[in-house]
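Good morning, and thank you for coming. I would like to present one structure today, beginning with the confidence of the model and then turning to two of its regions.

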Amino acid sequence: MFARIAAFALSACAGVPQGLPTRPPITVSAAVSLTDVLMAEAQEYARTGGGNVRFNFGASNVLARQIASGAPVDLFISADQAQMDVVAAAGAIGGTRVDLLYNQLAVVVPSDRPRTLRSVRELADPAFKRIAIGDPQAVPAGVYAKQYLQQVGIWDAVQQRIVPSASVRAALSAVETGAVDAAIVYRTDARISTRASAALVGPLADGPRIVYPAAITKSAEQPAEASRFLDFLRSGKGRLVFERFGFTPVS
Amino acid sequence: MDTWSITAFTIACAIGATTLMFVPGLGVAWLLARHRFVGRTALETVVSLPLVMPPVATGLLLLLLLSRRGPLGPLLERFDIQIVFTWKAVVLAMGFIGLPMLVRTARAGFENVDRRYEQVAATLGASPFRSFMTISLPLAWPSVVAGAMLAFARAVGEFGATIVVAGSIPGVTRTLAVAIYGYTETGQDAKALELLAVSATIAFAALWLSNRLAERRPA
């Protein structure tokens, strides 16, 4: 009986549908804000004859640490240069490093309490009792948010009300459950969310320059395959998908 | 926030959590030890759930319950009570995670108390409450304290539920475990190791005491 179940399970695994490549998947560590768009890209890539892609999404600082500690990842896409620098400093970048995307910040509020802000300075209003951002110590979205708030001069006023979150999606989630009154996330996250509505959306004239660099790692087990996927992302088809989700591809 | 204040905050919250759960925990332990009733196994299982479920899941349940858009949201808002992302959430998370430890250990203690003493007390006219307070509880006391110490130790080390429902706000909700995680994430390994040493010491002390107490048999 057990042997039959085992045989069935094995045959189910071994069967490969016609037309799908049998190459092992490449592993891509990418900033969590890229979750939805990269899943779409991978689908498109597989559909047009590319290989399979396996993703590891997380806050870029965590991913950078993993790679610097030797995690077997083929391609790394970070949400800021600082975390890519961490990987570079550890000598873990294999190929060239390219700038892939631009993004913008946005302020979101719970969708059952929509408001529109004309300027991010309005966050200094004490009505915003709690504001979630990525941890400003290392999470890129948090670093950008703090940088922006400092630049417009309200960081000191809001600092006590900041809730540092493990990632930009955690900050978004805090707003969606109503646990915080506002969050600073990426414009692309605001588009995806159904339970958080945008109060202020980029392009922000004075907003920080947000760049997502990408690089093949030294510990890549399939650098050629990873390079093919990266080329796809930078191709016309890849750029269309990025634009659909609100990102701006680097030309 | 330096090591000392993080440690003090964590211990204070853990003591608060254990205190909060002490009476309800003893009540449930007593109920399970002495009474048969419909739903007994269900109660036993529900109380033990935080022991087996992923702590983040427990945290998520608490978050959904207490957030503004949750079922208790409107009530909390009416009285302007904020729980999520405050020390209260830390205490609640620690309390629920530590509760099964207290209940299971205390229950074993109560089951070890010879029922005949309670029966004799009843024949002498003592109310069930008086019998509990003057006979059963003192006899089971070593187990009760061992259970409380276990719950305390577990509370000090609690991470998953805490970070979900209380976050990692420096100076407000950053416990030892949460701070260790934060330092690890931001590459500050030296500070993380320092807190690790503190946390290991507290855990060792609490567990050692708990085990010593659990070894003592009632008179």
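**Confidence, a threonine and a helix**

This is a predicted model. Chain A has a mean pLDDT of 91, with 94% of its residues at 70 or more. Among the elements of chain A, strand β3, residues 75–77, has the highest mean pLDDT, 97, and helix α1, residues 2–14, has the lowest, 68.

Let us turn to Thr217(A), which is found in strand β10, residues 210–217, of chain A. Is this residue buried or exposed? Thr217(A) counts as buried, because its relative accessibility is 4%, and the cut-off for buried is under 20%. Its side chain reaches the backbone oxygen of Val73(A) at 2.3 Å. A polar atom of that side chain also lies 3.3 Å from the backbone nitrogen of Ala220(A). Leaving aside residues up to four places away in sequence, Thr217(A) touches several others, among them Ile67(A), Phe76(A) and Gly94(A).

My second region is helix α4, residues 81–89, of chain A. Which of its residues are buried? They are Gln83(A), Met84(A) and Val87(A). These residues cover an arc of only 100° around the axis, and therefore lie on the same side of α4(A). The elements of chain A that cover them include α3, β3, β4, α5 and β10; Thr217(A), as I mentioned, is in β10.

Finally, consider what flanks this helix. At the N-terminal end, Asp80(A) caps α4(A), with a side-chain oxygen 3.4 Å from the backbone nitrogen of Ala82(A). Following α4(A) comes Gly91(A), which has a positive phi, near 70°.

Conventions:
Residues numbered from 1 in each chain as written. Chains lettered and ligands numbered in written order. Predicted model: local features only at pLDDT ≥ 70, side-chain atom pairs only at ≥ 80, totals over all residues. Heavy atoms only, no water. pLDDT = per-residue confidence, 0-100. Helix = DSSP H or I, 4+ residues; strand = E, 2+ residues; numbered from the N terminus. Buried < 20%, exposed > 50% of the residue type's maximum accessible area, 1.4 Å probe, protein only. Polar contact = N/O pair within 3.5 Å; in protein donor to acceptor, adjacent residues only side chain to side chain. Contact = heavy atoms within 4.5 Å. Arc of directions from axis to C-beta.
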